[in-house]
Amino acid sequence: MSAVLLHQLAHARSGDKGNRLNIALICYRPEFFDTVAAQVTPDRVAQLFAGRDVGAVQRYDLPKLWAFNFALDHALDGGVNASLGLDGHGKTLSFRLLTLTVALPPAILSLVQQPA
Amino acid sequence: MPVTTVHIGAGAGFAGDRAGAALPVVQALAASGAPSFLIFETLAERTLALAQLERQRDPQAGYSPSLVALLQPVLALCLHHKIRIVSNFGAAHPQAAARRIRAMAADMGFPQAKIAVVSGDDLSARFSTADLAARETDGRLLQGRGSIVAANAYLGAQPIAEALDAGADIVVTGRVADPALVLGPLVHAFGWRWDDWDRLAAGTLVGHLLECGPQVSGGYFADPGFKDAPSGHAGDFVEIGYPIAEVRADGSAIITKPAGTGGVVDLRTVKEQMLYEIHDPAAYLTPDVVLDITQVEVEQAGPDRVALRGARGRARPATLKATVCFPAGLFGEAEISYAGPNATARARLAIDIIRARMARLQPALALRADIIGVVSSFGDSAGHDLAAATAESEDVRVRFAARHADAAPVQQLLAEVEALYVAGPAGGGGVRRHLVPQLASASCLIERELVQPGMELLA
């Protein structure tokens with residue numbers, strides 16, 4: 001098993017609804033879906049954003065799109081109306097999710113694209 | 001002969017979007033020969049409240065300030081080729097927007113242009129603040145509040161379809177659900193029934209994909225080395241082609257963009273936008289239908305062409321969402337730079353000094369500090385992430401922010417940050433500060449029978 005950054009396996013986009021953040025996580029290839037599903041759990045995501053005092057983290061699986069949708073309650077310091085942060089929408093936080101590492105079996109490792 | 005395919009282009013995905021970006025879209029729609037529509041989405045949550053404040057200052061204002069810049073490059077071409085325009089740029093004053101458009105059209109040689117105005121979203125006359133507070137979801141921001149700036153329900157696609165049925169060349173709305181800008185033209189063109197949930201879901205999905213303009217066609221997408229344009233040229237992200245949907249009567253659709261433009265439409269761009277601002281993908285609530293995207297299939301059908309099918313729908317909700325905006329005090333920010341050896345330590349000292357000074361001057365004021373270059377965007381407001389960070393940078397910017405009902409405490413913070421010039425750590429420079437009034441918003445659910453959407457052609 002080799003550890004790689006989630007950024008090498010998947011891309012992501014955030015959106016906000018009030019104080020709730022959603023991050024769509026989309027695998028570059030269908031072969032990555034099961035590994036990401038097993039390792040990028042709601043608990044692990046909640047831990048990653050623990051500094052923000054998040055509430056419930058829900059993961060919705062979309063296997064036909066090789067994708068997951070994470071919904072994080074109370075993740076935005078009150079939302080764009082109330083946050084004192086630079087990024088009240090949480091738009092940059094999609095790339096925080098991509099900082100997680102994932103352990104890959106060798107057969108799948110060979111499919112990972114290297115930065116150009 | 002019944003219509004088999006309708007083309008819908010998006011000319012803007014937000015009020016500040018790029019004027020002129022719609023021109024290649026309109027040219028492609030004109031060349032297609034298919035029944036065509038152009039949408040502009042220009043109303044973010046608080047944009048409408050800002051427009052309401054404008055209208056209070058000037059009774060002829062209150063529509064989107066970008067209306068003229070967005071329409072000027074394409075209005076004559078659209079009217080000439082019978083490409084019908086649907087937009088929410090009416091904001092807080094759709095009537096005034098319609099009059100302005102009529103004047104523009106007349107100047108361009110189209111005095112007969114038919115312009116429709118959609119009404120019924122403005123709840124402020126029929127609902128007191130207490131009525132709205134009783135219907136608030138997700139919090140109690142409205143309870144006991146005196147004045148509000150704006151209260152608007154998200155209308156569905158019905159009044160838009162009716163306006164097109166009545167022959168409108170241009171449909172001007174205030175608050176409507178963004179996907180309704182697309183669903184309205186589709187229902188008008190195909191005659192879908194208002195309880196044909198799967199078709200309404202398919203049209204809503206197309207609307208959701210188009211409503212943010214270039215976000216589905218290569219905007220908000222590039223990640224060099226990981227997500228590039230097909231050519232590999234970074235220059236392809238300069239003039240991004242705004243999206244066009246080719247929708248068939250069964251609801252299946254192709255998402256594409258004008259030939260010869262930059263950007264990219266592929267599985268990655270379409271999936272990112274499909275899930276944008278979604279909570280439960282099996283239940284995306286809109287005024288017209290509950291959309292389920294879990295069974296949607298996407299397929300690359302050619303260069304910059306993605307086919308979608310499989311949206312499913314369930315009966316629309318009994319309530320309509322409404323956004324209520326109210327004044328929320330003043331927000332201030334001030335920044336100062338530190339660079340070179342030991343810059344991060346000097347930045348941290350600046351934060352400690354400001355916190356200590358403000359604790360004496362304004363003990364009740366909550367303030368946030370960031371070190372841009374170490375932890376800022378990812379950081380939390382309580383400062384846990386910044387405290388834990390071990391990274392050092394030799395070129396940082398310290399940022400302070402606070403909000404308060406009154407200006408004075410925030411102004412004091414900004415003055416203290418500026419005073420770091422003489423009374424802070426060594427080598428601080430480049431102070432910038434600003435103080436702005438803030439609007440906040442709350443969400444309500446309104447019984448559908450209490451909202452009366454309507455449409456009329458401008459006399």
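**Cores and crossing helices in a predicted model**

Reader: How is chain B divided?
Author: Keep in mind that we're looking at a predicted model. Chain B splits into two parts, and one of them is built from two separate stretches of sequence. The parts are domain 1 (5-120 + 155-317) and domain 2 (324-441).

Reader: How far apart do the C-alpha centres of domain 1 and domain 2 of chain B lie?
Author: Take the C-alpha centre of each domain of chain B and look at the gap between the two. That gap comes out at 39 Å.

Reader: Which residues touch the most other members of the largest nonpolar core, and where does this core lie?
Author: This core has 150 residues, and A:L25 and B:V172 touch the most other members. Domain 1 and domain 2 of chain B both give residues to it, so the core lies between them. There is also a second, separate core of 24 residues, including A:L84 and B:V410. But for the largest one, the names you want are A:L25 and B:V172.

Reader: At roughly what angle do the axes of α11 and α13 of chain B cross?
Author: Helix α11 covers residues 343-361 and helix α13 covers residues 407-418, and their axes come within 11 Å. The crossing is right-handed. As for the angle, it's roughly 145°.

Reader: Which residues of α13(B) does α11(B) meet?
Author: From α11(B), the residues involved are B:I354, B:R357, B:M358 and B:L361. By class, the contact has five nonpolar, one polar and two charged residues. On the α13(B) side you'll find B:Q412, B:L413, B:E416 and B:V417.

Note on methods
Residues numbered from 1 in each chain as written. Chains lettered and ligands numbered in written order. Predicted model: local features only at pLDDT ≥ 70, side-chain atom pairs only at ≥ 80, totals over all residues. Core = buried A, V, L, I, M, F, W, Y, C linked by C-beta atoms within 7 Å. Buried ≥ 20, exposed ≤ 12 C-beta atoms within 10 Å, placed from the backbone. Domains from an automatic or database assignment. Axes fitted to C-alpha atoms, helices over the stretch in contact; angles between N-to-C directions. Helix = DSSP H or I, 4+ residues; strand = E, 2+ residues; numbered from the N terminus. Left-handed = near helix turned anticlockwise from the far one by under 90°. Contact = placed C-beta atoms within 7 Å. Nonpolar A, V, L, I, M, F, W, Y, C, P; charged D, E, K, R; others polar.
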